[in-house]
Amino acid sequence: MNKLMVVGLGPGHSDYILPIARKIIDQSDIIIGGKRHIESVGVIDKEVFYLEGHLAEIPEYVKANIKDKEIAVVVSGDTGFYSLLRYLRRNIKDVCIEAVPGISSMQYLFSKLGLAWDDAYLGSLHGRTVDLGILCREFSKVGLLTDQKNPPSEIAKKLISEGIDDKYMVIGENLSYPDELIRKLSIEEVVNTNSDDLNVVVIMDKGELY
Ligand SMILES: C[S@@+](CC[C@H](N)C(=O)[O-])C[C@H]1O[C@@H](n2cnc3c(N)ncnc32)[C@H](O)[C@@H]1O
């Protein structure tokens with residue numbers, strides 16, 4: 001039986017898609033993924049399964065096709081950092097899953113800042129709550145994936161309510177795309193700052209910024 005391939009696409013721009021990821025996609029008969037991600041890899045002459053509204057159907061669809069067809073699931077960033085990989089492993093049994101790593105949006109932002117991330121706390125606010133106060137006191141760098149309910153301005157408000165107002169926040173929007181925007185602001189400035197929905201943030205001590 002074929003393996004189910006889960007392929008990380010990097011932050012978005014095609015320059016950041018690894019050659020091996022491109023090869024796996026080209027070799028596949030079926031591509032599963034979000035609309036934005038499938039469009040970004042320019043799939044032609046392949047069966048396509050869009051995730052939007054059909055997440056729960058994926059396990060059955062994969063089981064019905066994996067014997068005869070090569071299937072690639074494309075995800076943004078890296079496969080091991082808050083991606084669909086965990087859901088697929090939990091819900092698709094008896095199928096071997098292999099992942100092709102990609103460059104995470106978080107890794108990309110740290111790189112653009114010229115900073116190491118091995119001493120940072122890295123997490124996500126997607127449908128989760130994290131204790132921002134404790135984290136920001138413990139770590140000099142806290143990197144977070146955001147969502148529409150937890151935009152940078154809301155994160156800044158929570159930090160201020162926890163008495164943390166001396167930190168800085170880097171907001172990385174639309175990373176790697178032509179309209180990429182990376183801003184370094186004080187927590188107080190972020191309270192009144194609007195950002196595009198696609199963003200990651202790093203909360204850090206001023207000394208880490210230059
Ligand atoms: C479901 S998570 C996937 C994370 C992905 N696996 C990674 O390694 O970057 C989606 C979140 O990643 C972040 N993200 C992904 N691509 C991005 C980009 N090009 N620019 C800014 N943030 C991005 C956003 O916080 C978005 O809400």
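Where in the chain is the place of Ser104? In this predicted model, Ser104 belongs to the loop between β5 (97-100) and α5 (105-112). The legends below start with the ligand and come back to this residue.

**View 1. The ligand sits in the largest pocket.** Welcome to the binding site of this predicted model. Here 18 residues surround the ligand, and the closest are Pro11, Phe81, Ser105, His126 and Asn199. Sorted by class, this shell holds eight nonpolar residues, nine polar ones and one charged residue.

**View 2. Backbone atoms of Phe81 and Asn199 meet polar atoms of the ligand.** Take a look at Phe81 to begin with: a polar atom of its backbone is 2.7 Å from a nitrogen atom of the ligand. At Asn199, a backbone N or O atom lies 2.7 Å from an oxygen atom of the ligand. The ligand taken alone exposes 570 Å², and the protein buries 89% of that.

**View 3. The side chain of Ser104 makes polar contacts with the ligand and with Met106.** An N or O atom in the Ser104 side chain is 2.9 Å from an oxygen atom of the ligand. The side chain of Ser104 also reaches the backbone nitrogen of Met106, at 3.1 Å.

**View 4. Ser104 is a buried loop residue.** Zoom in on the loop that runs between β5 (97-100) and α5 (105-112), and you will find Ser104 there. Is Ser104 buried or exposed? With a relative accessible area of 8%, Ser104 falls under the 20% cut-off, so this residue counts as buried.

Definitions and conventions
Residues numbered from 1 in each chain as written. Predicted model: local features only at pLDDT ≥ 70, side-chain atom pairs only at ≥ 80, totals over all residues. Heavy atoms only, no water. Near = heavy atom within 4 Å. Polar contact = N/O pair within 3.5 Å; in protein donor to acceptor, adjacent residues only side chain to side chain. Areas by Shrake-Rupley, 256 points an atom, 1.4 Å probe, with all protein chains shown as cover. 1 Å grid on protein atoms, 1.4 Å probe; cavity = no way out; pocket = protein on both sides within 12 Å on 5 of 7 lines; lining within 4 Å. Sits in = over half its atoms within 2 Å of the grid points. Nonpolar A, V, L, I, M, F, W, Y, C, P; charged D, E, K, R; others polar. Helix = DSSP H or I, 4+ residues; strand = E, 2+ residues; numbered from the N terminus. Buried < 20%, exposed > 50% of the residue type's maximum accessible area, 1.4 Å probe, protein only.
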